[in-house]
Amino acid sequence: MKQDSPHQAVVPVLVPVPTETPYSYAVPDDMSVVAGSIVRVPLGPREIAAIVSDQPAGKVDARKLRPISAVFDCPPLSGESLRFIAWIAHYTMTPPGMVARMFLRAPAALDPEPPVDGIARTECMPDRMTAARGRVLEIAETGAGWTRPGLARAAGVSSSVIDGLRAQGVFEDIVLPPRPVVADPDPAFTQPDLTGDQVEAGRVLRCMAEQGGFGVCLLDGVTGSGKTEVYFEAVAAAIRQGRQVLILLPEIALTHAFLERFQDRFGAKPAEWHSDLPPRMRERVWRQVAENQVRVVAGARSALFLPFRDLGLIVVDEEHDPSYKQEDRVFYSARDMAVVRGHLGGHPVVLASATPSIESRYNAQQGRYRRVALSARFAEAALPVLDTVDLRRKPPARGGFLSPVLIDEIAKTWRRGEQSLLFLNRRGYAPLTLCRVCGHRFQCPDCSSWLVEHRFRGQLLCHQCGYAEPRPEACPSCGALDHLVACGPGVERIAEEVVSHFPEARSIVLSSDMAGGVRRLRLELEAIEKGEADIVIGTQLVAKGHNFPNLTLVGVVDADLGLANGDPRAAERTFQLLSQVTGRAGRTGKKSRGLLQTYQPDHPVMRAIVSGDWEAFYERETAERERAGLPPFGRLAGIIVSAATRAEAEGHARALRRAAPGDAGIVVLGPAEAPLSLVAGRYRFRLMVQGGLRADLQAFLRAMVKSAPSPRGSVRVQIDIDPQSFL
């Protein structure tokens, strides 16, 4: 057995486990590693992939350390990626190894893709020529190498024709490089048709990408103003310079239309990155991004952690969308981390939205971001005329949820051969099922939430943990038959009401939990775009930037829904969601209308949407935030303590509160039972830490956690810097 040399190098390695510091490993004499190298190291009884850190190694005798097992044959992570890992770990108070783990999401990609067997033309000629052989030889001249099936398909012949020519020496065997996951985009493939404000906005973004260097531009344009075509100008400029581009989208698995628009502009689709991607494709995308073969990636928030070699531009589309916030393991906002990655890498970032977050608007007002506004729709299409329907004066019929005003407008729209969209941000048939005899309510056994009836599936589901049970015929408490009643509407119930009013209309329900998954949703979205549905009933996924050319009426079934909680962002989110939903109407220039059913027509959110005075709404909400010291005028952190028993969770939460350091500029609120106090069998308590803009919340929280007792038993503590959800 080879004896370790006393002069072996020692390197720090980020292993994907929750430890605060890297582990030290010895580097064998015959091995070479650099900061960013991806290596295989022993950890306990197993071997795992890890990343060599750029931090200085501790002074440890290499003979006492376990050696690195192997270096993967893939490019090391860039210095930008290593700085990104360190920054996120410090800011979010996450162990660095857990952040590094997000860069290692495709372990099979760490080894090179296997070569592809191919054939190439030689100087030999076949013993006799046929029409089929002639086509093969003509096609073969257009490429340096082909796969046998690929050449056969291109020439329209059977594989036996190729095999016969190969046997005669007309083709020789070669090894082809792995096939690209997507073709290279061509920035000159189509010249964009920009008009009005778009021309100047496109010039600004193009200059940003050409000049390089860090900078953030807020592209603030009304729905249908052509923001995508404008930021494509920056994408084209980055491609011309040979740089890589990342485009973040909130619902990449559903945005088939975006991929088509990109292909129309650049002649090829971008590489996709999201959870619905097949594992083999994820591995190939990861590898080719690392090797700088992929020019553009369109992805969900996790695409931020792809190993880009030469990133030159990040675009965050729909930057206001709450789905950019991850609330599992590593708590982070992809929008904010995109800005951080741009700063660390020295390249521009574009934030695009029709309803920007208050933080982004404020940063633009303060001069930290450049704001580019698009105030008119493309081709001068008019925005929909918006009105509220006061449900106190014009209520729905008994047992229904659609007011007579909305039903009448749907009828008129249908008769004109145009489409209507009914929006309700509530999945399933009904949010609560109870027994009219004994009052029994169906509740999740593992969560403090009601079971939601999904009539299409015949099930009662928990939307927190996924628990499901069949919908019974009799009450499990008193045994009464046929006395279970659904309370409140979900999209399935609205669809049932639509059918009762318009039995001959073609209706369709769009919801993320419908059977068939993403593939079915994409097909249904395409069908709506083609006009194959008259009335669409959907949840918030219909607000994700889709373009339905024949849609001229949007009805919001319950505009008050998002305002019915104590979330300090409730007004902002409701405003954004309703503005995005109503903005689906009239995008191709047809006269359109939006109706908001509400019991609060005088609420500032309703008044702002109907009047179109968005500036007044932003001013009011910004002033409210400033008075309360909330972001962007202050800093927040949430602490979620959970455990298998209520006593454990509450006890540790109180111990944390007692351990808080004395700091006049930082306030600790709580602990209090979380609004969702039980999730997946774990009891939850929350504390809120609030400080000024200059407050060092991370140092405060580290001192607090260090002084408190260590979590024991089933207790788990999660820290959420800049929380977006307060449940």
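1. Burial terms first. Buried means under 20% relative accessible area, exposed over 50%, and partly exposed in between, with a 1.4 Å probe and protein chains only. By that scale R203 is partly exposed, at 35% relative accessibility. E200 is partly exposed too, at 41%.

2. Ground rules. This is a predicted model: local features need pLDDT of at least 70, side-chain atom pairs count only at pLDDT 80 or more, and totals for chains, interfaces and linings use all residues. Residues are numbered from 1 along each chain as its sequence is written, and side-chain values use heavy atoms, with hydrogens and water left out.

3. Salt bridges. The criterion is a side-chain nitrogen of Lys or Arg within 4 Å of a carboxyl oxygen of Asp or Glu. The whole structure yields 42 of them. One joins E200 to R203, with the closest N and O atoms 2.6 Å apart. Both residues sit in helix α6 (residues 197-211), 3 residues apart, about one turn of the helix. Helices (H or I, at least four residues) and strands (E, at least two) are DSSP runs, numbered from the N terminus.

4. A bridge between helices. R261 and E229 meet through their side chains at 3.7 Å, N to O. This pair links distant parts of the chain: R261 belongs to helix α8 (residues 256-266) and E229 to helix α7 (residues 227-240), 32 residues apart. R261 is partly exposed, with a relative accessible area of 31%. E229 is also partly exposed, at 22%.

5. Helix α7. The expected span of a helix is 1.5 Å times one less than its number of residues. For the 14 residues of α7 the expected span is 20 Å, and the end C-alpha atoms are 20 Å apart, which agrees. The helix is mostly covered, with 12 of its 14 residues buried. Among the buried ones are Y231, F232, V235 and I239. G242 follows α7 and has a positive phi, near 80°.

6. Helix α12. It covers residues 404-415, 12 residues in total, and reaches 17 Å from first C-alpha to last, close to the expected 16 Å. L406, I407, E409, I410, A411 and T413 are buried. These buried residues pack against β18 (419-423), α13 (491-501), β25 (535-538), β26 (551-556) and β27 (593-598). Just after the helix, G417 takes a positive phi of about 80°.

7. The charged link from α12. The side chains of E409 and R593 form a salt bridge at 2.8 Å, N to O. It connects distant parts of the chain, with E409 in helix α12 and R593 in strand β27, 184 residues apart. E409 counts as buried, at 12% relative accessibility, whereas R593 is partly exposed at 26%. Both belong to a salt-bridge network with D387, D408 and K412.

8. The loop before α12. S403 lies between β17 (385-390) and α12. It is buried, with a relative accessible area of 0%. Contact here means heavy atoms within 4.5 Å. Leaving aside neighbours within four places in sequence, S403 is in contact with V389, L391, K394, P396 and Q597.

9. Nonpolar cores. A core is a set of buried Ala, Val, Leu, Ile, Met, Phe, Trp, Tyr and Cys residues joined through side-chain atoms within 4.5 Å. The largest has 81 residues, and W286 and V297 touch the most other members. Beyond four places in sequence, contacts of V297 include V245, I247, W273, L306 and F308. A second, separate core of 33 residues includes A209, A237, V350 and L374.

10. Cavities. On a 1 Å grid over the protein atoms alone, a cavity is a set of points where a 1.4 Å probe fits but cannot get out; lining residues have an atom within 4 Å of a point. Points are joined across faces, edges and corners, and volume is the space filled by probe spheres set on them. The search finds 6 cavities of 30 Å³ or more. The largest has a volume of about 150 Å³. It is lined by 15 residues, with H320, D321, P322, R335 and Q724 nearest its centre. Helix α15 (residues 570-582) gives the most to that lining, with 3 residues.

11. One distance to keep in view. A26, in strand β2 (residues 23-27), is buried at 0% relative accessibility. The C-alpha atoms of A26 and C475 are separated by 66 Å, and the two residues are 449 apart along the chain.

Definitions and conventions
1 Å grid on protein atoms, 1.4 Å probe; cavity = no way out; pocket = protein on both sides within 12 Å on 5 of 7 lines; lining within 4 Å.
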